[in-house]
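Please find below a short briefing on one chain, meant to be read beside its sequence and structure.

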Amino acid sequence: KFLDQAKVYLRSGDGGAGAVSFRREKFIEDLVFDHPTIIPMHEIEPAFTPLVSICKQLPTPAGELDNLWLTPTGGIVLGECKLVRNTQARREVLVQALDYARALKGWHYDDLQNAVRIARKEPLLSLWQLVQGQTTEGEGYGEADFSDAIDRRLQEGRFVVLAILDGVQEGLEALTGYLQLHAGLHASI
């Protein structure tokens, strides 16, 4: 199935507009959700491993976040996917991703869990159940520790924010580096 999806992605090429671009962007969203290990988190933020896929299209006051991952120790990772060939999206991806971080800052564990329930259409879902069993043997991290860590990070706005693109965009890398050094953000970009 993955190879069939990849073939459709590689064959499509509408220059960033229309239904084909939507499918290509959705392919990236699905790919990183279904296979979070392709994101090199051990190189980006080693403390944010392993990534556990939680939901796609998380409803927030700033719109729907493409991807949400959590770690078994309460790390929060936000992902926004865009196509490099789409010039407008390329300029907006960082602002959009940071707007999602701003929208989640101040939430509580229950707010996040309720939004995930809506995104997944599973009204009884528990965030802890999704990550339980992903901890390294002997860590001894329980549900109370997990929910407290999530709550703290939401209150403080401490997230890793990923701009996930289908190629490299050097201007975006320079802007990201500048923000990391000078913006005083609590979020890692």
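The notes below cover confidence, one helix, the cores and the strands.

This is a predicted model, in which local features need pLDDT of at least 70 and side-chain atom pairs count only at pLDDT 80 or more, while totals for chains, interfaces and linings use all residues. Residues are numbered from 1 along each chain as its sequence is written, and side-chain values use heavy atoms, with hydrogens and water left out.

**Confidence**

- The mean pLDDT (the predictor's confidence in each residue, from 0 to 100) of the chain is 80, and 70% of its residues reach 70 or more.
- Helices (H or I, at least four residues) and strands (E, at least two) are DSSP runs, numbered from the N terminus; among the elements, α1 (residues 2-11) has the lowest mean pLDDT, 49, and α5 the highest, 98.
- Over residues 182-187 pLDDT stays under 50; the model has 12 contacts (heavy atoms within 4.5 Å) for them beyond four places in sequence.

**Helix α5**

- The end C-alpha atoms of α5 (residues 109-120) are 16 Å apart, in agreement with the 16 Å expected for 12 residues at 1.5 Å a residue; the expected span is 1.5 Å times one less than the number of residues.
- Tyr-109, Leu-112, Gln-113, Ala-115 and Val-116 are the buried residues of α5, where buried means under 20% relative accessible area and exposed over 50%, with partly exposed in between (1.4 Å probe, protein chains only).
- These buried residues lie on the same side of α5, because they cover an arc of only 165° around the axis, taken from the directions from the helix axis to the C-beta atoms.
- Asp-110 and Ile-118, on the other side of α5, are exposed.
- The buried residues of α5 pack against β1 (52-60), β2 (63-70), α6 (127-131) and α7 (143-156).
- Lys-121, just after α5, has a positive phi of about 55°.

**Nonpolar cores**

- A nonpolar core is a set of buried Ala, Val, Leu, Ile, Met, Phe, Trp, Tyr and Cys residues joined through side-chain atoms within 4.5 Å.
- The largest has 27 residues, and Leu-68, Leu-70 and Leu-112 have the most contacts inside it.
- A second, separate core of 15 residues includes Leu-31, Leu-51, Val-77 and Leu-162.
- Beyond its neighbours within four places in sequence, Leu-112 has contacts that include Leu-58, Trp-107 and Ile-150.

**Strands**

- β1 and β2 pair in the antiparallel sense over seven bridges; pairing requires at least two bridges found by DSSP between two strands.
- A hairpin of two residues joins β1 to β2.
- β2 also pairs with β3 in the antiparallel sense, over four bridges, and Asn-67 stands opposite Gly-79 in β3.
- Six of the eight residues of β2 are buried.
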